[in-house]
Amino acid sequence: MALRHLSRPRDIVKRSTKKYLDEPLYHRLFKDGGSEVSVRQQLNQFLKGTKHVFKWEVGDTIKKLRSRGLYYPALKLSEVMEHRGMNKTVSDQAIHLDLVAKARGISAGETYFVNLPETSKTELTYASLLNCYCKELMTEKAEGLLNKMKELNITVSSMSYNSLMTLYTKTGQAERVPGMIQEMKAENVMPDSYTYNVWMRALAATEDVSGVERVIEEMNRDGRVAPDWTTYSNMASIYVDARLSEKAEKALQELEMKNTDRDFKAYQFLITLYGRLGKLSEVYRIWRSLRLAMPKTSNVAYLNMIQVLVNLKDVPGAETLFKEWQANCTTYDIRVVNVMIGAYAKEGLIEKAEELKEKAPRRGGKLNAKTWEIFMDYNVKSGDTAQALECISKAVSIGKGDGGKWLPSQETVRTLMSQFEGNKDVNGAENLLEILKKGTDDIGTEIFESLVRTYAAAGKSHPAMRQRLKMEKVEVNEATQKLLDELCHEE
């Protein structure tokens with residue numbers, strides 16, 4: 001598959017269908033939906049073909065895959081195209097490093113960085129590795145790398161400082177952020193809007209709302225970075241968290257005025273934050289504005305809006321929008337369906353929830369682990385342990401969308417085990433453990449202790465239980481040891 005550098009306007013429509021893909025690569029990959037499985041299938045088909053594709057288009061596709069968290073297909077596309085002759089710039093290498101770390105782990109990312117030629121070890125690749133450390137909350141390594149950058153006189157940009165300040169905020173060290181801001185000022189590092197946003201969030205984490213307001217004032221005085229809509233969405237979120245409703249509404253009004261480019265994400269924040277304020281009429285007003293700005297409304301927009309309406313207990317309104325979405329969607333996104341299934345289940349309208357579950361596959365929607373988790377929660381609360389087990393089994397077999405393993409929460413497992421114990425249902429308890437074993441080797445001491453109590457409550461013996469616990473490397477408490485004396489009396 002050849003790669004051509006762009007030497008004329010990027011016009012996909014006019015390119016020859018004999019040599020090039022007859023549609024944008026990104027559209028090709030998402031023609032069967034946005035799940036990782038379908039994207040991988042389309043990518044494999046594309047890579048087996050002989051159609052040409054421009055380098056800029058590969059870069060644009062990788063960017064869009066990253067934005068949707070599809071790191072594995074993005075990495076595969078990057079690697080295969082490099083193997084077929086695409087020359088990587090240092091910027092491309094920095095992006096590739098990030099993909100390696102996200103798809104294969106931080107140690108793989110480190111190895112990729114170490115093996116880069118010295119000419120590629122610039123601020124871009126160092127910053128990419130630093131950001132990977134920060135994403136993984138590896139404080140010591142992140143700080144060590146920043147110090148090394150300073151020792152090597154490698155420019156430390158606002159992006160690197162932003163990464164480290166975000167790390168501090170996430171790890172309960174928000175009080176260190178103002179010191180980083182002072183260091184940036186001393187080193188004449190130009191802040192950006194993200195810098196101010198993370199600074200505000202750090203102050204909010206220490207409940208210093210007046211400090212947050214001073215940051216906005218400083219931003220306005222400085223004048224180099226003008227507050228944009230993200231500044232005011234951040235401000236509004238902080239005010240909502242602090243239950244300062246009037247200030248939050250004023251910040252949202254500023255957000256609307258700053259959204260001159262009709263940014264989709266800005267509309268999403270407005271709908272979500274007005275929803276958190278309980279302003280249903282404002283939620284609908286912003287929705288109408290979004291529809292006018294973007295007549296071809298995406299699944300994500302419907303997903304967010306319907307979820308907000310459900311949170312505000314406007315189930316009839318959510319139903320209306322759901323039907324509208326069903327009538328117009330090109331891809332039957334199971335995430336949207338799950339929101340309505342969840343709303344019906346919460347209201348006890350389980351027949352409606354079941355109906356949506358049955359209809360989804362006929363429309364091309366693939367039931368996922370979340371679908372079965374919703375029904376699992378309903379059945380656990382209803383005390384229907386048999387149905388709950390069936391839902392857990394299906395969710396475990398499907399797994400997470402990113403390829404990871406799905407498991408029920410510890411709270412759900414504890415509740416079920418308690419129900420089995422109360423019902424003296426040894427078979428149910430054993431079935432649950434068998435299902436859990438498909439997703440993890442560490443069931444946990446608490447669950448095995450509950451299993452022993454269930455056997456005791458049912459008056460059943462289990463001569464090999466001690467040996468079983470030994471093989472599982474489980475050490476039970478004294479009360480359970482006494483029960484084992486009764487269970488294992490035939491040993």
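**Exercise 1. Contact range and overall build**

Task: Among contacts between residues at least 6 apart in sequence, find what share joins residues at least 24 apart.

Solution.
- Take contact as heavy atoms within 4.5 Å.
- Keep pairs at least 6 apart in sequence; 61% of these contacts join residues at least 24 apart.
- Note the basis: this is a predicted model, where local features need pLDDT of at least 70, side-chain atom pairs count only at pLDDT 80 or more, and totals for chains, interfaces and linings use all residues. Residues are numbered from 1 along each chain as its sequence is written, and side-chain values use heavy atoms, with hydrogens and water left out.
- Add the secondary structure: 27 helices and 2 strands. Helices (H or I, at least four residues) and strands (E, at least two) are DSSP runs, numbered from the N terminus.
- Add the extent: along the principal axes, the C-alpha atoms fill a box of roughly 80 × 60 × 55 Å.

**Exercise 2. Burial and cores**

Task: State what percentage of the 491 residues is buried, then describe the largest nonpolar core.

Solution.
- Set the cut-offs: buried is under 20% relative accessible area, exposed over 50%, partly exposed in between (1.4 Å probe, protein chains only).
- Buried residues make up 45% of the 491.
- Define a nonpolar core: buried Ala, Val, Leu, Ile, Met, Phe, Trp, Tyr and Cys residues joined through side-chain atoms within 4.5 Å.
- The largest such core has 127 residues, and I306, F322, M417 and L432 have the most contacts inside it.
- Helix α19 (residues 334–346) gives the largest share, 9 residues.
- Look at I306. Beyond four places in sequence, its contacts are A318, L321, F322, V336, V339 and M340.
- Another core lies apart, with 21 residues, including F46 and M86.
- Compare the general trend: in soluble globular proteins, nonpolar side chains tend to be buried together.

**Exercise 3. V156 in its loop**

Task: Decide whether V156 is buried or exposed, and list its contacts.

Solution.
- Locate V156: the loop between α8 (139–151) and α9 (158–170).
- V156 counts as buried because its relative accessibility is 11%.
- Leaving aside neighbours within four places in sequence, V156 touches L146, M149, K150, Y161 and V189.
- Check a distance: V156 and K185 are 29 residues apart in sequence, and their C-alpha atoms are 12 Å apart.

**Exercise 4. Cysteines**

Task: Count the disulfides, and say how C329 and C488 are classed by accessibility.

Solution.
- Search for cysteine sulfur pairs within 2.5 Å. The whole structure holds 0 disulfides.
- C329 is buried, at 16% relative accessibility.
- C488 is also buried, at 4%.
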